[in-house]
Amino acid sequence: MSRAGFEQRGDVLHFLMPPHLSEITARLYLRGPLLNGTEGRPSEIQKRLAQELGSQGLVAPMQVHGTAVVPALSIWALPQKTRADAVFVGGDRAVWGSLRFADCTPVLVAGGKSPWVLGIHSGFQGTVRGIVPKVLSQLGDLYRGSVVDEHTHAWIGPAIGRCCYGRKKEDPSTVKGLSVFPDDCREERGDEVFFDLHRMIAHQLKCAGVSEENIHVFPHCTSCHSERYYSWRKGDAADRMFLLFGRSPFLKEQRG
């Protein structure tokens with residue numbers, strides 16, 4: 001796994017693309033004036049990003065910690081809000097994909113000769129349910145063959161870390177997590193189990209066929225660094241970081 005693949009400029013984390021994916025643009029907007037007070041409302045964030053997004057539509061699903069994926073097509077763009085935790089951007093350059101985060105893990109996967117990009121919201125529940133491999137499998141069914149090859153890259157962004165993400169052992173969700181997370185992705189401390197979402201998602205990506213050297217991890221803990229990231233566990237009940245991604249290379253760099 002590589003920590004290279006990212007560049008932070010002010011309150012924006014850029015996902016750096018290899019040359020063959022230069023058509024893909026992706027960035028994570030962090031805690032700051034742009035997002036403060038938006039309460040994670042995509043329509044409000046879209047207004048504040050209007051100069052950068054131009055006339056392109058924005059798909060921003062209602063996130064439910066599930067495993068469904070929605071294609072970034074005009075029919076699903078705001079004000080539509082279908083229930084999904086992943087957005088796939090393929091051939092339609094007129095629509096951006098987006099997702100919101102506050103401790104859950106932003107995951108981006110990109111590849112293909114005609115570049116595609118997939119954004120995934122993978123919190124604890126989504127990771128236990130295997131949203132990353134399930135969505136990649138769904139795309140394989142759509143394209144009648146695996147979409148993952150040696151040119152596929154993946155990025156795992158800042159999320160709550162193993163240092164802070166503890167759950168009570170007796171919680172039914174914890175019991176389920178213990179049956180899914182391998183030993184090196186969890187740690188028992190007293191009556192709690194601490195889970196490593198970064199490591200587990202990297203493990204899932206490798207099992208799905210993404211080469212280890214093509215997996216880029218930004219391992220910051222959002223709870224430890226809540227001055228930089230929104231963290232639900234540190235009291236951010238509404239505001240969210242905003243992941244924006246698409247195939248157009250023309251996203252303006254006014255905030256760079």
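**Exercise 1. Classify the lining of the largest pocket and locate its centre.**

By class, nine nonpolar, five polar and five charged residues make up the lining of the largest pocket. Here Ala, Val, Leu, Ile, Met, Phe, Trp, Tyr, Cys and Pro count as nonpolar, Asp, Glu, Lys and Arg as charged, and the others, Gly among them, as polar. The model is predicted, so local features need pLDDT of at least 70 and side-chain atom pairs count only at pLDDT 80 or more, while totals for chains, interfaces and linings use all residues. Residues are numbered from 1 along each chain as its sequence is written, and side-chain values use heavy atoms, with hydrogens and water left out.

Step 1. The volume of the largest pocket is about 370 Å³. Of the 19 lining residues, those closest to the centre are His65, Ala102, Asp103, Cys104 and Trp232. A pocket is an open set of points on a 1 Å grid over the protein atoms alone, where a 1.4 Å probe fits, with protein on both sides within 12 Å along at least five of seven lines; lining residues have an atom within 4 Å of a point. Grid points are joined across faces, edges and corners, and the volume is the space filled by probe spheres set on the points.

Step 2. At least two lining residues each come from strand S7 (95-101) and helix H3 (124-128). Helices (H or I, at least four residues) and strands (E, at least two) are DSSP runs, numbered from the N terminus.

Step 3. His65 is found in the loop between strand S4 (57-59) and S5. The phi of His65 is near 60 degrees, a positive value in a residue other than glycine. At 32% relative accessibility, His65 is partly exposed; buried means under 20% relative accessible area, exposed over 50%, and partly exposed in between (1.4 Å probe, protein chains only).

**Exercise 2. Which strands stand at the edges of the six-stranded open sheet, and which helices lie across this sheet?**

Step 1. The strand order is S5-S6-S9-S8-S10-S14, and the pairing is mixed. Two strands pair if DSSP finds at least two bridges between them.

Step 2. Strand S5 (69-71) and strand S14 (215-217) are the edges; each has a single partner strand, so one side of each is left without a neighbour in the sheet. From one strand to the next, the twist averages 15 degrees.

Step 3. Strand S6 (residues 86-89) runs antiparallel to strand S9 (residues 116-122), with four bridges joining them. Val89 stands opposite Val117 in S9.

Step 4. Helix H4 (residues 131-143) lies across S5, S6, strand S8 (105-111) and S9, at about 150 degrees to S9. Helix H6 (residues 197-207) lies across S8, S9, strand S10 (153-156) and S14, at about 165 degrees to S10. Axes are lines fitted to C-alpha atoms, for helices over the stretch in contact, and angles run from 0 to 180 degrees between N-to-C directions. Contact means heavy atoms within 4.5 Å.

**Exercise 3. Describe the three-stranded open sheet and the helix across it.**

Step 1. The order is S11-S13-S12, with antiparallel pairing. Strand S11 (166-168) and strand S12 (186-189) are the edge strands, each pairing on one side only. The twist averages 30 degrees from one strand to the next.

Step 2. Three bridges connect S11 and strand S13 (residues 192-195). Gly166 stands opposite Phe194 in S13.

Step 3. Helix H5 (residues 172-180) lies across S11, S12 and S13, at about 55 degrees to S13. Asp171 sits in the loop between S11 and H5. Its relative accessible area of 27% makes Asp171 partly exposed.

**Exercise 4. Is strand S3 (residues 25-29) mostly covered or mostly open, and which strands are joined to S3?**

Step 1. S3 is mostly covered, with five of its five residues buried. Thr25, Arg27 and Tyr29 are on one side, Ala26 and Leu28 on the other.

Step 2. Strand S2 (residues 12-15) runs antiparallel to S3 and is joined to S3 by three bridges. His14 stands opposite Arg27.

Step 3. Five bridges join S3 to strand S15 (residues 241-246), also antiparallel. Here Arg27 stands opposite Leu244.

Step 4. Gly246 lies in S15 and is buried, at 0% relative accessibility. Beyond its neighbours within four places in sequence, Gly246 is in contact with residues including Thr25, Val89 and Val117.
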